[in-house]
Amino acid sequence: LLDGQRRALTTLTERLTLAGDRERLPAVNDAALAALVQGIEIADERTSATRYIARLNVRFKPDGIRQYLRDAGVPYSETVSKPLLVIPVFEHEGARTLWNDANPWRTAWAARERSAGLMRIILPLGDLADSIVMDADRALAGDAGALAALTQRYGLTDAMVAHAWLQGDQAVDEPRVQVTLLRLRSDGRETLTEVYAGGSFNDVPGVLSQVVDFIANRLEDEWKQATLLRPESGSTLDVTVPLSNMEEWLAVRERLESMAELRQVEVLALNRGGARVVLHYFGDPTRLKVALAQRDLELAERGGSWTLRSLGPSNARPNR
């Protein structure tokens, strides 16, 4: 059980930290490990005459993990991103596919969609409504109207057209995958093209899975860099929260109190028209703005004064 708990702790710290910082984490003895564990669940037990196999689900104490990382001086992130809508277009030998089952690039992204991480990735359902709005050619052309319609259908603002073009010489079994990523955010768009080589034409799904893992891990690291909390960087910010009613304040307060980035929400004044609060937080205002935006809260500065506004909850994605 102890070995399983240590592996679970390693998995959790890998999710929260950057690779270059993890070597500073100290080893945890049995007593310290037990103090970090909140609960254990054993599931999917299977036995035979010689073997016992089960899945160990370990729940850790959030405050204990935060203190463990802070004591080690290791920056970490707990900010989960709003979902990034990935539109995967696969091209090979002149044929382009997006929605149909013959798209191994979509299959590779679908496997990553189910993995845990701070950078959330989802795929469109690929149903009739999606196919009416978007096809492979419109996606590759960056059709603004089609992309806006698709992201709005899922209640999102950020999307990424991921175009994988399988190339290479099959005679010598040297596949190459040219990937062009078109990122669309509320503040603009950017394009990146890279080529990945290796693997075999006999295992195209495996090649594409490796490429997806590389891209997704990089997206994850970029997100962590933008949202890292540094133990020594505690700050405060005096903000005004315009309100239309008290129910709105209760919703805003609930979102604020759920944020690991905030140490304390100190209420200085509250009335029907608004609230004045002091946010005690880790990091800097830029990182705080990013974290708040994931909860549909907009932090803005004008003339030296800070305002926090509720943008309302995001629309739910269509059911599968």
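Biologist: How many helices and strands are there in the chain?

Modeller: This is a predicted model, and its chain holds 10 helices and 13 strands. The C-alpha trace spans about 70 × 60 × 35 Å along its principal axes.

Biologist: What share of the residues is called buried?

Modeller: Of the 320 residues in the chain, 42% are buried. A residue earns that word when its relative accessible area is under 20%. As for the surface, the chain exposes about 17,000 Å², and carbon and sulfur atoms supply 48% of that area.

Biologist: Let's look at some pairs of charges. Why is the contact of R185 and E190 called a salt bridge?

Modeller: The rule asks for a side-chain nitrogen of Lys or Arg within 4 Å of a carboxyl oxygen of Asp or Glu. Here the N to O distance is 3.4 Å, so the pair fits the rule.

Biologist: And why are R185 and E190 each called partly exposed?

Modeller: Partly exposed lies between the cut-offs of 20% and 50%. R185 has a relative accessible area of 31%, and E190 has 41%, so both belong in that class.

Biologist: What makes E194 and R218 a salt bridge?

Modeller: Their closest N and O atoms are 2.9 Å apart, and the limit is 4 Å, so the name applies. This pair links distant parts of the chain, with E194 in strand β8 and R218 in helix α8, 24 residues apart. E194 has a relative accessible area of 25% and R218 has 22%, so each is partly exposed.

Biologist: How do you know that D238 and R276 form a salt bridge?

Modeller: Same kind of check! The closest N and O atoms are 2.6 Å apart, and the rule accepts a distance within 4 Å, so D238 and R276 count as a salt bridge. This pair also links distant parts of the chain: D238 sits in strand β9 and R276 in strand β11, 38 residues apart. D238 is partly exposed at 33%, as is R276 at 41%.

Biologist: Which residues are joined into one network by salt bridges that share partners?

Modeller: Those are D63, R66 and E78. By this rule, the count for salt bridges comes to 15.

Biologist: Now for the backbone. What is notable about phi of E93?

Modeller: Phi of E93 is near 55 degrees, a positive value in a residue other than glycine. E93 is in the loop between β3 and β4.

Biologist: Why is E93 called exposed?

Modeller: The class begins over 50%, and E93 has 64% relative accessibility, so E93 counts as exposed.

Biologist: Where is D173 found, and why is D173 called partly exposed?

Modeller: D173 is in the loop between β6 and β7, and its phi is positive too, at about 55 degrees, although D173 is not a glycine. Its relative accessibility is 29%, which is between 20% and 50%, so D173 is partly exposed.

Biologist: One last surface feature. Which residues make the nonpolar surface patch of about 420 Å²?

Modeller: The patch is made by L1, I40, I42 and Y52. I42 belongs to strand β1.

Biologist: What makes I42 suitable for a patch?

Modeller: A patch residue needs over 30% relative accessible area. I42 has 44% and is partly exposed, so I42 passes that cut-off.

Methods. Residues are numbered from 1 along each chain as its sequence is written. This is a predicted model: local features need pLDDT of at least 70, side-chain atom pairs count only at pLDDT 80 or more; totals for chains, interfaces and linings use all residues. Side-chain values use heavy atoms; hydrogens and water are left out. Patches are made of residues with over 30% relative accessible area and no salt bridge: like charges are joined within 9 Å, nonpolar side chains (Val, Leu, Ile, Met, Phe, Trp, Tyr) within 5 Å. Accessible areas come from the Shrake-Rupley method with a 1.4 Å probe; for residues, only the protein chains shown count as cover. Helices (H or I, at least four residues) and strands (E, at least two) are DSSP runs, numbered from the N terminus. Buried means under 20% relative accessible area, exposed over 50%, partly exposed in between (1.4 Å probe, protein chains only).
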